[in-house]
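Visitor: Could you take me on a close look at a single part of this structure? I am new to this, so please explain the terms as we go.

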Amino acid sequence: MSLNNSPADPRLSLLQEWLPTLATPTNVDTLRPASADASFRRYFRVDTPDGKTLIVMDAPPPQENVRPFIHVAEVFGKTGVSVPTLLAQDVERGFLLLSDLGTTTYLNQLNNDTAHKLYIDAIDALVLLQTQSKPDVLPEYDRALLSRELQLFPDWYIARHLNVTLTDDQKNTLSKVFDTLLANNLSQTQVFVHRDYHSRNLMVLPTGNPGIIDFQDAVYGPITYDLVSLLRDAYIQWDEEMVLDWVIRYWERAKRAGLSVAPDIDTFYRDFEFMGLQRHLKVLGIFARLYHRDGKDAYLKDMPLVMEYTLKAARRYSALIPLVRLIEKLEDKAPQVGYTF
């Protein structure tokens, strides 16, 4: 499906004018949507005269800025992992022309037969990326940023989605749990972190698998973060035994590669789970915000799985039981209108 020039879409008109000015030839009339995003970014696919396809990113300023994407593409590309090649850019207007990593995401392809090979490929790519991490190249995933993300849970999930006002005691409970999680997160080895290393952002490639996309928010932070994104994925769930097996395989590979991970698997798994909890609480807040602020209701169906991950992990650690009690109490009281899946 190609797109018609529309006065209601001035960005699209600009894009259609921009493409013919580039050194890389494209058939502009073949421009069609490739995928949407949780942000303001849009992606289009366009054919080339030699029968291939390319991707066009539309990241409208001032809401979006393509500079971080360009920077991370270069940083990650140098490590040997597969990322799109940047072919042309208009930084001021927020347009990029990129090589196309195909249409098959991990999520499309994952099943019980394919999962092991796909996840091992993703783990190997992750270790390759992490072993070449350096400080001062990407923004730091520091306490302030990790805390800000956790705050999305009370602000958007509890206050807005559940419509609950916390008592002072409940706020203190949450604050103590957050401090426990952050102390663990910040004590972990720091590496390059993609920040959304999951089945929707990994493309299945015949060579150099996986293709990695949507990395513009990459930071320098805790070593277990991307592993948690991968294995405790909001969009697809695996048995605990399988997840544990993949965690162990990652841990063994990371140690062999000289990465500074916890020396025993029990401690490493706890690091993985505490990092997971930070991420799950953030994601619940983000999914609530996408629905209530941005009108994107598709993420509501993914909330119960993220909450299941949260409670399962928290129940395993005595320091986190207060979080379990708080959530169970809030969910009991919460109005159920619009909250059935």
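Guide: Here is a walk around one helix, H8, followed by a few loops.

This is a predicted model, in which local features need pLDDT of at least 70 and side-chain atom pairs count only at pLDDT 80 or more, while totals for chains, interfaces and linings use all residues. Residues are numbered from 1 along each chain as its sequence is written, and side-chain values use heavy atoms, with hydrogens and water left out.

Let us begin with the helix itself. H8 covers residues 240–256; helices (H or I, at least four residues) and strands (E, at least two) are DSSP runs, numbered from the N terminus. At 1.5 Å a residue, its 17 residues should span 24 Å, and the end C-alpha atoms of H8 are indeed 24 Å apart. The expected span here is 1.5 Å times one less than the number of residues.

Now look at which side chains are hidden. Val 243, Trp 246, Val 247, Tyr 250, Trp 251 and Ala 254 of H8 are buried. Buried means under 20% relative accessible area, exposed over 50%, and partly exposed in between, using a 1.4 Å probe and protein chains only. Seen down the axis of H8, the buried residues fall within an arc of 140°, so they line one face of the helix. That arc is taken from the directions from the helix axis to the C-beta atoms. A general rule helps here: an α-helix has 3.6 residues a turn, so residues three or four places apart point the same way. On the face of H8 turned away from the buried side you will find the exposed residues Glu 241 and Arg 256.

What does the buried side touch? The buried residues of H8 pack against H4, helix H7 (225–231) and helix H9 (265–292), where contact means heavy atoms within 4.5 Å.

Take H4 as the partner to follow. H4 (residues 115–131) and H8 pack at an angle of about 35°, with their axes 10 Å apart. Axes are lines fitted to C-alpha atoms, for helices over the stretch in contact, and angles run from 0 to 180 degrees between N-to-C directions. The crossing of H4 past H8 is right-handed, meaning that the near helix is turned clockwise from the far one by less than a right angle; anticlockwise would be left-handed. On the H4 side, the residues that meet H8 include Tyr 119, Ile 123 and Val 127. Among their partners in H8 are Trp 246, Arg 249 and Tyr 250. By class, this contact has 9 nonpolar, 2 polar and 4 charged residues. Ala, Val, Leu, Ile, Met, Phe, Trp, Tyr, Cys and Pro count as nonpolar, Asp, Glu, Lys and Arg as charged, and the others, Gly among them, as polar.

Just after H8, Gly 258 takes a positive phi of about 90°. Let us finish with the loop that follows H4. Asp 136 is found in the loop between H4 and helix H5 (143–161), and its phi is near 65°, a positive value in a residue other than glycine. Asp 136 is exposed, with a relative accessible area of 78%. Ser 133 lies in the loop between H4 and H5 too, but at 17% relative accessibility Ser 133 counts as buried. Leaving aside neighbours within four places in sequence, Ser 133 is in contact with Val 191, Phe 192 and Tyr 220.
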